[in-house]
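Thanks, everyone. I'll put the structure up and go through a few points on it.

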Amino acid sequence: MNWVITLFFFNPTNFIKTTDNSCINTHDLTIWNTTGQQNFRDYMNTCGSQCIGNYDCTVSCVQKIENYTTTCCNCFGNLGECTVKNCLMKCIGGDTPQCEEGISSSCDGGFNQCSGLEVPKPKQS
């Protein structure tokens, strides 16, 4: 059973080469500045739950919700994949402070570099 999980989460074909600043264009920045940044955690949680870190699923899910370009969505796919690979146990209970800390230290920098955007800070309750 463990090898099935390993194959699911470690799929070498999912390591997509992306360029830096993939979301820095008029189309993607307009989305980010109107709804994307504000709703970031909502759609990443929705897509994360649906896709469980699967790169292609996360790319498709985010693109369907926010309509970013595919090149930009690749960065969201990388973020989802990174979250599962590095923070699964911390995030199994949802969007907790421990989960946020794990993602922040392991994955946010890669997303920021790939997209040219900055992961929004968690909403304060």
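Glutamate 81 is buried, since its relative accessible area is 6% and the cut-off for buried is under 20%. Bear in mind that this is a predicted model. The partner of glutamate 81 is lysine 85: their side chains meet in a salt bridge, at 3.8 Å from N to O. Lysine 85 counts as partly exposed, with 33% relative accessibility. The two residues sit 4 apart in helix α4, so about one helical turn separates them.

Now the helix itself. Where is the kink in α4 centred? On lysine 85, and the angle is about 60°. Helix α4 covers residues 70–91, and its end C-alpha atoms span only 26 Å. A straight helix of 22 residues would span 32 Å, at 1.5 Å a residue.

Staying with α4, leucine 88 is also found there. Leucine 88 is partly exposed, with a relative accessible area of 33%. Together with Met89 and Ile92, Leu88 makes a nonpolar surface patch of about 340 Å².

Back to charges. How many salt bridges does a search of the whole structure find? The count is 2. Besides the pair in α4, arginine 41 and glutamate 100 meet through their side chains, at 3.2 Å from N to O. Arginine 41 lies in helix α2, residues 26–51, and glutamate 100 in helix α5, residues 97–106, so this pair ties together parts 59 residues apart in sequence. Are these two residues buried or exposed? Both arginine 41 and glutamate 100 are buried.

That's what I have; comments are welcome.

Methods:
Residues numbered from 1 in each chain as written. Predicted model: local features only at pLDDT ≥ 70, side-chain atom pairs only at ≥ 80, totals over all residues. Heavy atoms only, no water. Expected span 1.5 Å × (residues − 1). Bend = angle between axes of the 7 residues up to and from the residue. Patch = residues over 30% accessible without salt bridge, like charges linked within 9 Å, V, L, I, M, F, W, Y side chains within 5 Å. Areas by Shrake-Rupley, 256 points an atom, 1.4 Å probe, with all protein chains shown as cover. Salt bridge = Lys/Arg side-chain N within 4 Å of Asp/Glu carboxyl O. Buried < 20%, exposed > 50% of the residue type's maximum accessible area, 1.4 Å probe, protein only.
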